[in-house]
Amino acid sequence: MLICAATNNAGKLKELRRILEKQGHLVKSQRELGICLDPDETGTTFAENARIKAAAVCAASGVATVADDSGLAVDALDGAPGVYSARYCGVHGNDETNNDKLLDAMEAVPDDRRQAKFVSAVCFMLPDGRSLTVTGECPGRVGRQRQGTNGFGYDPLFIPDEVGLADGSTRPNTDGLTYAQLEDWQKDAISHRGHALEALRLQLPAFLDPAAAAPGFERDTKYDGDKLRRIPRQPKSED
């Protein structure tokens with residue numbers, strides 16, 4: 001399926017493209033489709049913001065669209081920065097200053113109280129207005145200094161509880177590696193965005209074709225797939 005990725009964030013686009021293409025989709029960024037929108041994220045939840053972005057870009061592109069809204073929720077900060085993660089410092093998308101502010105806010109927090117989680121809400125939107133929203137989370141903690149360069153946002157500070165293995169399973173993050181120190185496949189297996197997109201993969205077939213998920217029914221092609229007919233019950237064999 002051709003999917004438009006509704007984001008102007010290069011790091012997020014890279015992850016969306018990598019995971020969705022592994023699932024078998026063809027992914028185009030909104031800029032590749034000639035769309036320069038940057039909708040205002042006026043929602044109070046990740047799901048609301050994801051839907052705002054998906055709806056705007058889907059209407060402009062005319063193709064199925066995926067939008068992600070995500071952020072870091074820190075226990076010691078009562079869930080902040082949360083939906084304001086990208087603009088925590090007051091300027092949208094300034095990763096370095098956002099990380100500086102987070103380190104300052106957490107400076108006096110002891111190691112045993114630095115728990116946090118990354119949260120992702122992904123909205124899949126069709127041009128006919130139907131949408132499917134899924135979520136994913138990754139628990140971990142906030143480190144005391146930046147570590148690693150393979151990431152964006154708060155990745156250099158976030159230490160997930162687990163890391164991914166080559167076979168798709170996970171293990172405890174005993175080495176204390178940050179998101180930004182992980183290989184792409186190690187992160188995708190445990191990340192908030194990876195979990196959300198896996199939920200999308202599992203739910204998408206039934207969303208696109210509810211009839212296929214209804215036992216005892218099949219599509220009648222002579223009605224161009226708009227009608228359903230019950231599959232005749234086969235008589236039991238006597239032998």
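**Exercise 1. The salt bridge of R146**

Is R146 buried, partly exposed or exposed, and at what relative accessibility? Then find its salt-bridge partner and place both residues in the chain.

Solution. The model is a predicted one.
- Step 1: R146 has 31% relative accessibility, so R146 counts as partly exposed, given that buried means under 20% and exposed over 50%.
- Step 2: The partner is D100, and the closest N and O atoms of the two are 2.8 Å apart.
- Step 3: R146 belongs to the loop between β5 and β6 (158-160), while D100 belongs to helix α3; the pair links distant parts of the chain, 46 residues apart.
- Step 4: D100 counts as partly exposed because its relative accessibility is 36%.

**Exercise 2. Two salt bridges on helix α1**

Which residues form salt bridges with R17 and R18, and which parts of the chain do these pairs tie together?

Solution.
- Step 1: R17 meets E32 through their side chains, at 3.4 Å from N to O. R17 is in helix α1 and E32 in the loop between β2 (26-29) and α2 (46-61), so this salt bridge ties together parts that are 15 residues apart in sequence.
- Step 2: R17 is partly exposed, with a relative accessible area of 22%, and E32 is also partly exposed, at 47% relative accessibility.
- Step 3: R18 meets D184 in a salt bridge, again at 3.4 Å from N to O. D184 lies in helix α4 (residues 184-188) and R18 in helix α1, so the parts tied together are 166 residues apart in sequence.
- Step 4: Both ends are partly exposed: D184 at 27% relative accessibility, R18 with a relative accessible area of 21%.
- Step 5: The structure holds 18 salt bridges.

**Exercise 3. The buried side of α3**

Which residues of α3 are buried, and why can they be placed on the same side of the helix?

Solution.
- Step 1: The buried residues of α3 are N98, N99, L102 and L103.
- Step 2: Around the axis they cover an arc of only 135°, and therefore they are on the same side of α3.
- Step 3: Among the elements that cover these residues are β3 and β5 (131-142).

**Exercise 4. The nonpolar cores**

How many residues does the largest nonpolar core have, and which of them have the most contacts inside it?

Solution.
- Step 1: The largest nonpolar core has 20 residues, and V66, F124 and L200 have the most contacts inside it.
- Step 2: At least two residues of this core come from each of β1 (2-5), α1 (10-22), β4 (115-125), β5 and α5 (192-208). The most are given by α5, with 6 residues.
- Step 3: Setting aside neighbours within four places in sequence, the contacts of V66 include I3, L16, L20, V122, F124 and L200.
- Step 4: Another core lies apart from this one; it has 19 residues, including L72, Y88, L103 and V109.
- Step 5: As background, nonpolar side chains in soluble globular proteins tend to be buried together.

**Exercise 5. Backbone exceptions in one loop**

Where is the cis peptide bond, and which residue that is not a glycine has a positive phi?

Solution.
- Step 1: Most peptide bonds are trans, and most residues other than glycine have a negative phi.
- Step 2: The bond from A80 to P81 is cis, with omega near 0°.
- Step 3: D78 has a positive phi of about 55° and is not a glycine.
- Step 4: P81 is in the loop between β3 (65-74) and α3 (95-105), and D78 is likewise placed in the loop between β3 and α3.
- Step 5: D78 counts as exposed because its relative accessibility is 77%.

Note on methods:
Residues numbered from 1 in each chain as written. Predicted model: local features only at pLDDT ≥ 70, side-chain atom pairs only at ≥ 80, totals over all residues. Heavy atoms only, no water. Helix = DSSP H or I, 4+ residues; strand = E, 2+ residues; numbered from the N terminus. Buried < 20%, exposed > 50% of the residue type's maximum accessible area, 1.4 Å probe, protein only. Arc of directions from axis to C-beta. Contact = heavy atoms within 4.5 Å. Core = buried A, V, L, I, M, F, W, Y, C linked by side-chain atoms within 4.5 Å. Salt bridge = Lys/Arg side-chain N within 4 Å of Asp/Glu carboxyl O.
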